[in-house]
Amino acid sequence: TFYKPTMRALLILLHDFREFLVETSFILNQNLPEKLNHIRNVILSASPKSIPCRDPYHLNNQIVPKKL
């Protein structure tokens, strides 16, 4: 009964208030039980709005090896 409502609230925060999750991610993750990996990953996936999210399915996302 804890997991579903918490996940819904986190997804709303992730969509609408990413900056809040970025600022409070350390405190939230510090107080989460270790069993809640999916919730921890949602919190850690938050990025500021100033950093655009890359589309993982875009064709030009190629890994270019570094030349040593």
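1. Contact here means heavy atoms within 4.5 Å. On that basis H38 touches Y3 and M7, once residues up to four places away in sequence are set aside. The structure discussed in this note is a predicted model.

2. Overall architecture. The chain contains three helices and zero strands, and its elements follow the pattern α-α-α along the sequence. Of the 68 residues in the chain, 22% are buried. Among contacts with a separation of 6 or more, 60% join residues that stand 24 or more positions apart.

3. Helix 1 with helix 3. Helix 1 covers residues 3–16 and helix 3 covers residues 37–44; their axes come within 10 Å and cross at roughly 10°. Because angles under 35 degrees count as roughly parallel, the two helices are described as roughly parallel to each other. Helix 1 contributes Y3, T6, M7, L10, L11 and L14 to this contact, while helix 3 contributes H38, I39, V42 and I43. Sorted by class, the contact of helix 1 with helix 3 comprises eight nonpolar and two polar residues, with no charged residues.

4. The position of H38. H38 belongs to helix 3. Its relative accessibility is 47%, so H38 counts as partly exposed. H38 and M7 are 31 residues apart along the chain, yet their C-alpha atoms are separated by 8.7 Å. M7 is also one of the two residues named above as touching H38, the other being Y3.

5. Helix 1 with helix 2. The axes of helix 1 and helix 2 are 5 Å apart, and the packing angle is about 110°. Since angles of 65 to 115 degrees count as roughly perpendicular, helix 1 and helix 2 are assigned to that category. On the helix 1 side the participants are L10, L13, L14 and D16, which meet R18, F20 and L21 of helix 2. The classes represented in this contact are five nonpolar and two charged residues, with no polar ones.

6. Geometry of helix 2. Helix 2 comprises 13 residues (residues 18–30), which at 1.5 Å a residue should span 18 Å; the end C-alpha atoms are 18 Å apart, and the two values therefore agree. A bend of about 60° is nevertheless found in helix 2 at T24.

7. Burial in helix 2. Which residues of helix 2 are buried? They are R18, L21, T24, S25 and N29. T24 thus appears both as the site of the bend and as one of the buried residues. The buried residues of helix 2 pack against helix 1 and helix 3.

8. The position of L14. L14 is located in helix 1 and takes part in the contacts of helix 1 with helix 3 and with helix 2. With neighbours within four places in sequence left aside, L14 is in contact with L21, V42, S45 and A46. L14 and A46 lie 32 residues apart along the chain, and their C-alpha atoms are separated by 6.2 Å.

9. The position of S47. S47 is placed in the segment after helix 3. Is S47 buried or exposed? Its relative accessibility is 17%, and because buried means under 20%, S47 counts as buried. Apart from residues up to four places away in sequence, S47 touches R18, V22 and C53. R18 is itself among the buried residues of helix 2.

Definitions and conventions. Residues are numbered from 1 along each chain as its sequence is written. This is a predicted model: local features need pLDDT of at least 70, side-chain atom pairs count only at pLDDT 80 or more; totals for chains, interfaces and linings use all residues. Side-chain values use heavy atoms; hydrogens and water are left out. Axes are lines fitted to C-alpha atoms, for helices over the stretch in contact, and angles run from 0 to 180 degrees between N-to-C directions. Helices (H or I, at least four residues) and strands (E, at least two) are DSSP runs, numbered from the N terminus. Angles under 35 degrees count as roughly parallel, over 145 as roughly antiparallel, 65 to 115 as roughly perpendicular and the rest as oblique. Ala, Val, Leu, Ile, Met, Phe, Trp, Tyr, Cys and Pro count as nonpolar, Asp, Glu, Lys and Arg as charged, and the others, Gly among them, as polar. The expected span of a helix is 1.5 Å times one less than its number of residues. The bend at a residue is the angle between axes fitted to the seven residues ending there and the seven starting there. Buried means under 20% relative accessible area, exposed over 50%, partly exposed in between (1.4 Å probe, protein chains only).
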